[in-house]
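Colleague: I've got this model open and would like a close look at a single part of it, with its surroundings filled in as you go. Could you pick one strand and talk me through it?

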Amino acid sequence: MARQAAADGIATIVATPHVISGRYENPSEVVAQRVEEFQRRLNHAGLSMKVLPGGEVFFDDGLIEAIKSGRVPSICNAGKYALIEFPMGGIPVAAERMVFELAVNGVIPVIAHPERNEDVIRDPNRLYRLVERGALAQVNAGSLIGEFGRRARETAQILITHGMAQIIASDAHSTRHRPFRLAAALYEARKLVGREQAEAMVVDIPAKLIAGEEMPLQSPEPYARRKGFFARLANL
Ligand SMILES: [Fe+2]
């Protein structure tokens, strides 16, 4: 995977194993330890890839406490940015309060692949309300190139062009099943938002996350569904 990532133009990876309470525990110190070990192997193999610890934390009631205490991994385990995953079927009603409470505690949630979430597909402004409250969002590279179907692709396009998603990430799982496709996604994003902004989504903004730096203020725009009979047909 490291070799494939390098060929895709990637120099730094945040490893984000799933964290699901009671199923995949992956405590932050274990992830840090494994990532360190893996980095040593990469160095030994002569690969210049840099791998950093993180986690994709599944939403549940204990989330805020788990992140604040450092029990579950955050980006680089710095406790500043945390990658959060919602159930694919929908965004829990408690999500907006969670974003607010995390922000109060100095933690900025980064919502993983909202363009694949049924609630966001139906109404992209579900994400707008979270981003407005201080969340960030990252779309999957695969979504932009159609690997998760037409609806996920169109939703990803809406989220990017409305400033609701600020990051494009690989969500790579293996060399075959969901490989690294960041270069192809960057190409698609450039067509949507221009070269500068597209590159910021894969380079500058992720670099700030890794460094634990403050993010420029987000100014998302709500999505206004096109009106009219044919537009409504197109939206079916
Ligand atoms: Fe995920």
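Modeller: Let's start with a pair of residues: Glu56 stands opposite Leu83 in E5. E5 is the strand I'd pick, and please keep in mind that this is a predicted model.

E5 covers residues 81-85, and five of its five residues are buried, so the strand is largely enclosed by the rest of the structure. In general, side chains of a regular strand alternate between the two faces of the sheet. Here both faces are covered: Tyr81, Leu83 and Glu85 are buried on one side, and Ala82 and Ile84 are buried on the other.

Now for the neighbours. On one flank there is strand E4 (residues 56-58), which runs parallel to E5 and is joined to it by three bridges. On the other flank, E5 pairs with strand E6 (residues 108-112), again in the parallel sense, over four bridges. Leu83 turns up here too, since it stands opposite Val110 in E6. So what links these strands along the chain? E4, helix H3 (residues 63-68) and E5 make a right-handed β-α-β unit, and E5, helix H4 (residues 95-104) and E6 make another right-handed one.

The loop between E4 and H3 holds Gly62. With a relative accessible area of 33%, Gly62 is partly exposed. Its C-alpha atom is separated by 8.9 Å from that of Ser21, although the two residues are 41 apart along the chain.

Zooming out, E5 belongs to an open six-stranded sheet with parallel pairing, in the order E2-E4-E5-E6-E7-E8. E2 and E8 are the edge strands, each pairing on one side only. At the E8 end, strand E7 (residues 136-140) pairs with E8 in the parallel sense through three bridges, and Asn140 stands opposite Ala169 of E8.

Back to E5, and to the bit you'll probably care about: the metal. Which residues hold the iron ion? The protein donors are Glu56 (OE), Glu85 (OE) and His113 (NE2), at 1.9 to 2.2 Å from the ion. Along the sequence these donors follow the spacing E-x28-E-x27-H. Glu56 sits in E4 and Glu85 in E5, so this pair ties together parts that are 29 residues apart in sequence. Are those two glutamates buried or exposed? Glu56 counts as buried at 3% relative accessibility, and Glu85 is buried too, with a relative accessible area of 8%. If you're counting ligands, remember that water is not among the atoms, so the site may look incomplete.

What about the nonpolar packing? The largest nonpolar core has 54 residues, and Phe86, Leu127, Leu130 and Ile168 touch the most other members. The largest share of that core, five residues, comes from H9. Apart from it lies another core of twelve residues, among them Tyr81, Val110, Ala200 and Leu209. Tyr81 is one of the E5 residues listed above. As for Ile168 in the big core, its contacts beyond four places in sequence include Val139, Asn140, Leu144, Ile160, Leu182 and Met201.

Ile160 is also one of the buried residues of helix H8, alongside Ala152, Thr155, Ala156, Ile158 and Leu159. H8 (residues 150-161) has twelve residues that should span 16 Å at 1.5 Å a residue; its end C-alpha atoms are 17 Å apart, which agrees. After H8 comes Gly163, with a positive phi near 70 degrees.

While we're on backbone angles, most residues other than glycine have a negative phi. Two places away from E5 deserve a glance on that score. Asn26 has a positive phi of about 35 degrees although it isn't a glycine; it lies in the loop between strand E2 (18-19) and helix H2 (28-44) and is partly exposed at 26% relative accessibility. Arg178, also not a glycine, has a positive phi near 55 degrees. You'll find Arg178 in the loop between strand E8 (167-169) and helix H9 (182-193), partly exposed with a relative accessible area of 23%.

To pull it back to the strand: E5 is covered on both faces, pairs with E4 and with E6, and supplies Glu85 as a donor to the iron ion.

Terms used:
Residues numbered from 1 in each chain as written. Predicted model: local features only at pLDDT ≥ 70, side-chain atom pairs only at ≥ 80, totals over all residues. Heavy atoms only, no water. Buried < 20%, exposed > 50% of the residue type's maximum accessible area, 1.4 Å probe, protein only. Helix = DSSP H or I, 4+ residues; strand = E, 2+ residues; numbered from the N terminus. Pairing = 2+ DSSP bridges. Right-handed = clockwise from strand over helix to strand, strands pointing away. Donors = N, O, S within 2.8 Å, 3.2 Å for Na, K, Ca; no water. Expected span 1.5 Å × (residues − 1). Core = buried A, V, L, I, M, F, W, Y, C linked by side-chain atoms within 4.5 Å. Contact = heavy atoms within 4.5 Å.
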